[in-house]
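Biologist: Could you walk me through this model and show me how each label is earned?
Modeller: Happily! Have a look at it, and ask away.

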Amino acid sequence: MVAAVRSFLQVASTEEAAPPLRVVQIEGLAVLKIIKHCKEFSPALVTGQLLGLDVGSVLEVTNCFPYPIREADDEIEAEGADYQLEMMRCLREVNVDNNTVGWYQSTLLGSYQRVELIETFMNYQENIRRSVCIIYDPSRSNQGVLALKALKLSDSFMDLYRNNNFTGEKLREKNLSWVDIFEEIPIKVSNSALISAFMTELEADSPVTQCDYDRLQLSSGPFVERNMEFLIECMDDLFVEQQKFQYHYRNLSRQQAQQQAWLQKRRTENMARKAAGEEPLPEEDPSNPIFKPIPEPSRLESFLVTNQIANYCNQINGVSGQSFSRLYLMKALHED
């Protein structure tokens with residue numbers, strides 16, 4: 001029996017939903033390009049394009065290229081878009097993957113939770129089904145750790161962001177908290193067999209590398225001080241956000257008191273009208289300004305600031321724990 005030939009539209013209509021993203025697989029060459037670009041311009045923040053393939057639950061990042069550093073301007077943004085298209089055309093001509101799967105950007109001490117990052121994610125979502133952002137922190141990598149992470153926005157958060165509805169009631173309905181904004185995807189670095197063999201030949205005979213020495217650095221004070229400075233700034237920002245909500249609730253209480261006073265006055269007036277045999281007036285008056293609802297301020301900024309505070313605290317906790325371990329190690333070596 002010959003199977004019926006289905007059209008492309010029929011296949012597309014019956015296509016199953018894509019599996020959730022489980023891992024981001026990055027080629028070693030792409031990782032080196034990202035690190036080189038971010039370190040060369042540090043402490044300035046840079047960004048670039050990620051290229052690769054979306055295969056099932058794995059997002060493969062096979063190549064990347066940097067964006068030129070320019071000041072924000074409409075004409076310059078148009079030039080940047082032309083630059084991206086030209087770069088992708090050139091890569092396609094030399095048979096290199098030119099499918100956009102996201103972007104990478106550098107950060108300073110993990111300060112990336114910003115509204116601009118969310119807006120960039122939403123812009124990518126309009127054209128790309130699944131995209132990620134690779135965050136690299138050169139200052140954190142100086143401590144002997146490869147500070148590389150892949151992030152994406154959670155589906156529940158994107159639904160709320162599209163509707164621009166970050167009220168307390170909606171957040172409780174969706175059971176969304178500040179930890180549910182970003183999802184970190186595990187990163188797997190892969191190399192071809194030829195590259196792995198070549199790197200094995202280049203490997204030095206000494207088992208100790210510079211990265212091993214970096215892990216033994218006892219001076220972590222400057223790193224902790226910068227984190228503390230940023231943490232204090234975030235606490236100030238969080239206090240400003242709390243003041244906005246306090247001001248909103250004060251206005252809400254004042255409006256409720258005015259509404260009760262108006263209703264009490266209207267009921268007294270209606271009782272007098274009933275006694276005089278007249279028709280009572282309605283107790284609801286939508287045209288009255290005191291009955292207009294006061295919009296609740298968005299909780300998005302406070303969520304992002306809280307997320308950033310948690311990130312700084314985790315970094316301070318991790319670095320402090322490692323510093324204590326190194327100090328105890330050095331103490332034991334001196335005693336011996």
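Biologist: Where is the place of L252?
Modeller: L252 is in helix α10, which covers residues 221-275. Remember that we are looking at a predicted model.

Biologist: Why is L252 called partly exposed?
Modeller: Its relative accessible area is 25%. Buried means under 20% and exposed means over 50%, with partly exposed in between, so L252, at 25%, is called partly exposed.

Biologist: And why is R130 called buried?
Modeller: The relative accessible area of R130 is 12%. The cut-off for buried is under 20%, so R130 earns the label with its 12%. You will find R130 in the loop between α4 (115-125) and β5 (132-136).

Biologist: What makes the pair of R130 and D54 a polar contact?
Modeller: Their side chains come to 2.6 Å, and a polar contact needs a pair of N or O atoms within 3.5 Å, one able to donate a hydrogen and the other to accept it. The value of 2.6 Å therefore fits the cut-off. R130 also touches other residues, including P19, P20 and L21.

Biologist: How do you know that β5 and β6 pair?
Modeller: Pairing takes at least two bridges. β5 and β6 (residues 148-153) have 4 bridges, in the antiparallel sense, so they count as paired. In β6, A150 is the bridge partner of I134.

Biologist: What makes β7 and β8 edge strands?
Modeller: The open sheet has 8 strands in the order β7-β6-β5-β4-β2-β3-β1-β8. β7 (182-185) and β8 (187-190) each pair on one side only.

Key:
Residues are numbered from 1 along each chain as its sequence is written. This is a predicted model: local features need pLDDT of at least 70, side-chain atom pairs count only at pLDDT 80 or more; totals for chains, interfaces and linings use all residues. Side-chain values use heavy atoms; hydrogens and water are left out. Helices (H or I, at least four residues) and strands (E, at least two) are DSSP runs, numbered from the N terminus. Buried means under 20% relative accessible area, exposed over 50%, partly exposed in between (1.4 Å probe, protein chains only). Contact means heavy atoms within 4.5 Å. Lists of a residue's contacts leave out its neighbours within four places in sequence.
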